[in-house]
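Here is a short walk through a two-chain model, written for someone who likes to follow contacts and distances. Please keep the structure open beside the text as you read.

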Amino acid sequence: MSSSNSSDDKVAREARWQELMRAAQDGDDAAYSRLLSELLPALRRMVRYRWRNYEGAEDIVQDILMSLHSVRHTYDPGRPFMPWLVTISSRRIADAARRASSRSAYETTVETMPETFAGDDAKNEQDTSDDQEAIRVALSGLPEGQRQVIELMKIQGLSLQEASAHTGKSVASLKVTVHRAIKAMRQALERKT
Amino acid sequence: MSAMRTEDLIRALAKDAKPVERLAHPAWRAMMWMMVSVVYVAAFLWVVGVRPDLSNKMSDPRFLIEVGAALLTSMMAAAAAFCAGCPGRPLWERFAPLPFLGVWLASLGEGCWRQWLQAGPEGLHLQVDLTCFQSITAVGIVPAIAILLMIRRGAPIAPMSTTGLAILAATALGAAALRLFHTQDMSLMLLVWQFGSVALLAGFGFLAGRYVLRWSLPQLTADVGSHPPSC
């Protein structure tokens, strides 16, 4: 008895949608609005059946609605409405699946984002600590005169003139000392890595 | 996340619902296309001239079967292409040209077999002959453009099948017309260069489907929500 009622409901709904679509094709916006509103729950069910837990399901429903709108002239009022609706909906769901699949082909899920910049801001605490320790070791390996100049100019930030006044060495001599000290530290760091 | 609420979208679509011109029945559209194409092919034949032995060939049943099968393949492929753009139509309609394509292929195969029996391997001598490809392209180009323009009014629910069938319709018509002005009767040559050209071009048409037929979604200008999601 209930299956018979259900079947009758489907037949009545099919006839109503056919009639609403025919009116919509003739420019009846009220009939069109009613038709799309009646279709909405069915479309949502159809999309969610294929896209369980997919957050973009409503986007696909909207995509289907606009697709129906753009090809509404292809509906033949002499033919059933549901196959027309289901064909377009299935096509658009498949298109969305293909788009999602091609997008995911270019994406990689990672637990820890890789470092992308050499600057200290982009490093984690451990990397920064490791770098500082290596520099400290390289600095301590320098001769006394070179280490003093590096500490004054590169750590304390003194200018050549200030460092010259502090150490009593000429500016030209300090330039040579800094150059040699940095070269020695670079070699020491390269050996370490 | 949607840029517009779906209920707002429905209101915007309803507001945009102007009366539309319903798509004509696929068979009627196929007839219209065939009429336009036949006029073009007739003009083409008038310019290039028919083969001198055409009257003799018209009394050869094998020739008539071959040309008739090519013509029917063209007509059924055109009807199938138009059906493929109408959502909800049965899937079997897209395979409607296959029986006629089979008869066409079988007639060419039978010709090859007959020539093998008559002349042995010499009867199946294959030469390079690009005339078939060029002629089929020249005859088929206008029907192809016409049918591609016509199928764009349909829904792109099966774009590759639709364009493949459309190009098959145009090239099969070109191949049928070719037999009326090109004096090549070697079945193997026809099989490779004529039928092969049709298959090749239809294959290209099939592959180009996704680029030729795309969904053209409405650009809604209603005052609800912002822009609709893109296609």
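A:Ser67 counts as buried, because its relative accessibility is 0%. This model is predicted, and A:Ser67 is a handy place to enter it. The residue sits in helix α3 of chain A. Which residues does A:Ser67 touch, leaving aside its neighbours within four places in sequence? A:Ser67 is in contact with A:Ile88 and A:Arg92, and also with B:Trp215 and B:Leu217.

**Helix α3 of chain A**

The helix around A:Ser67 deserves a closer look. Of the 14 residues of α3(A), 12 are buried, so the helix is mostly covered. Among the buried residues are A:Ala57, A:Glu58, A:Gln62, A:Asp63, A:Met66 and A:His69. The geometry of the helix can be checked as well: at 1.5 Å a residue, the 14 residues of α3(A) should span 20 Å, and the end C-alpha atoms are 20 Å apart, which agrees.

**The interface**

How many residues does each chain bring to the contact? Chain A gives 38 residues and chain B gives 38 residues. About 3200 Å² is buried between chain A and chain B, and carbon and sulfur atoms give 60% of that area. A:Gln62, A:Met66 and A:His73 supply 21% of the area that chain A buries against chain B, more than any other three residues.

Polar links cross the interface too. The rule finds 14 residue pairs in polar contact between chain A and chain B, both residues being at pLDDT 80 or more. On the side of chain A that touches chain B, the elements giving two or more residues are α1 (2–25), α2 (29–50), α3 (57–70) and α4 (81–104) of chain A. Of these, α3(A) gives the most, with 10 residues. The residues on this side of chain A divide into 13 nonpolar, 11 polar and 14 charged.

The rule also finds two salt bridges across the interface of chain A and chain B. The side chains of B:Arg22 and A:Asp26 meet in a salt bridge, with 3.2 Å from N to O.

A:Thr74 offers another view of the meeting of the chains. This residue lies in the loop between α3 and α4 of chain A, and it counts as buried because its relative accessibility is 5%. A polar atom of the A:Thr74 side chain lies 2.6 Å from the backbone oxygen of A:Val71. Beyond its neighbours within four places in sequence, A:Thr74 is in contact with A:Trp84 and with residues of chain B, including B:Leu23, B:Pro87 and B:Arg153.

**Salt bridges within chain A**

The structure holds 24 salt bridges over all chains. Three of them are set out below.

| Salt bridge | N to O distance |
|---|---|
| A:Arg22 and A:Glu19 | 3.5 Å |
| A:Asp63 and A:Arg99 | 3.7 Å |
| A:Glu144 and A:Arg147 | 2.4 Å |

A:Arg22 and A:Glu19 both lie in helix α1 of chain A, three residues apart, about one turn of the helix. A:Glu144 and A:Arg147 are separated by about one helical turn, because they are three residues apart in helix α6 of chain A. An α-helix has 3.6 residues a turn, so residues three or four places apart point the same way.

The pair of A:Asp63 and A:Arg99 links distant parts of the chain: A:Asp63 is in helix α3 of chain A and A:Arg99 in helix α4 of chain A, 36 residues apart. Is each partner buried or partly exposed? A:Asp63 counts as buried at 3% relative accessibility, whereas A:Arg99 counts as partly exposed at 30%. For the helix α6 pair, A:Glu144 counts as exposed at 53% relative accessibility, while A:Arg147 counts as partly exposed at 22%. Elsewhere, salt bridges that share partners join A:Arg44, A:Arg48, A:Glu58, B:Arg5, B:Glu7, B:Asp8 and B:Arg11 into one network.

**Chain B as a whole**

The secondary structure of chain B comes to eight helices and zero strands. Of its 231 residues, 48% count as buried. Among the contacts in chain B with a separation of 6 or more, residues 24 or more positions apart account for 86%. B:Glu110, found in helix α5 (residues 98–119) of chain B, is partly exposed, with a relative accessible area of 31%. B:Glu110 and B:Arg62 are 48 residues apart in sequence, and their C-alpha atoms are 9.3 Å apart in space.

Definitions and conventions: Residues are numbered from 1 along each chain as its sequence is written. Chains are lettered from A and ligands numbered from 1 in the order in which they are written. This is a predicted model: local features need pLDDT of at least 70, side-chain atom pairs count only at pLDDT 80 or more; totals for chains, interfaces and linings use all residues. Side-chain values use heavy atoms; hydrogens and water are left out. Contact means heavy atoms within 4.5 Å. Buried area is the accessible area (1.4 Å probe) that two parts lose on being put together, summed over both. A salt bridge is a side-chain nitrogen of Lys or Arg within 4 Å of a carboxyl oxygen of Asp or Glu. A polar contact is a pair of N or O atoms within 3.5 Å; within protein, one must be able to donate a hydrogen and the other to accept it, and residues adjacent in sequence count only if both atoms are side-chain atoms. Helices (H or I, at least four residues) and strands (E, at least two) are DSSP runs, numbered from the N terminus. Ala, Val, Leu, Ile, Met, Phe, Trp, Tyr, Cys and Pro count as nonpolar, Asp, Glu, Lys and Arg as charged, and the others, Gly among them, as polar. The expected span of a helix is 1.5 Å times one less than its number of residues. Buried means under 20% relative accessible area, exposed over 50%, partly exposed in between (1.4 Å probe, protein chains only).
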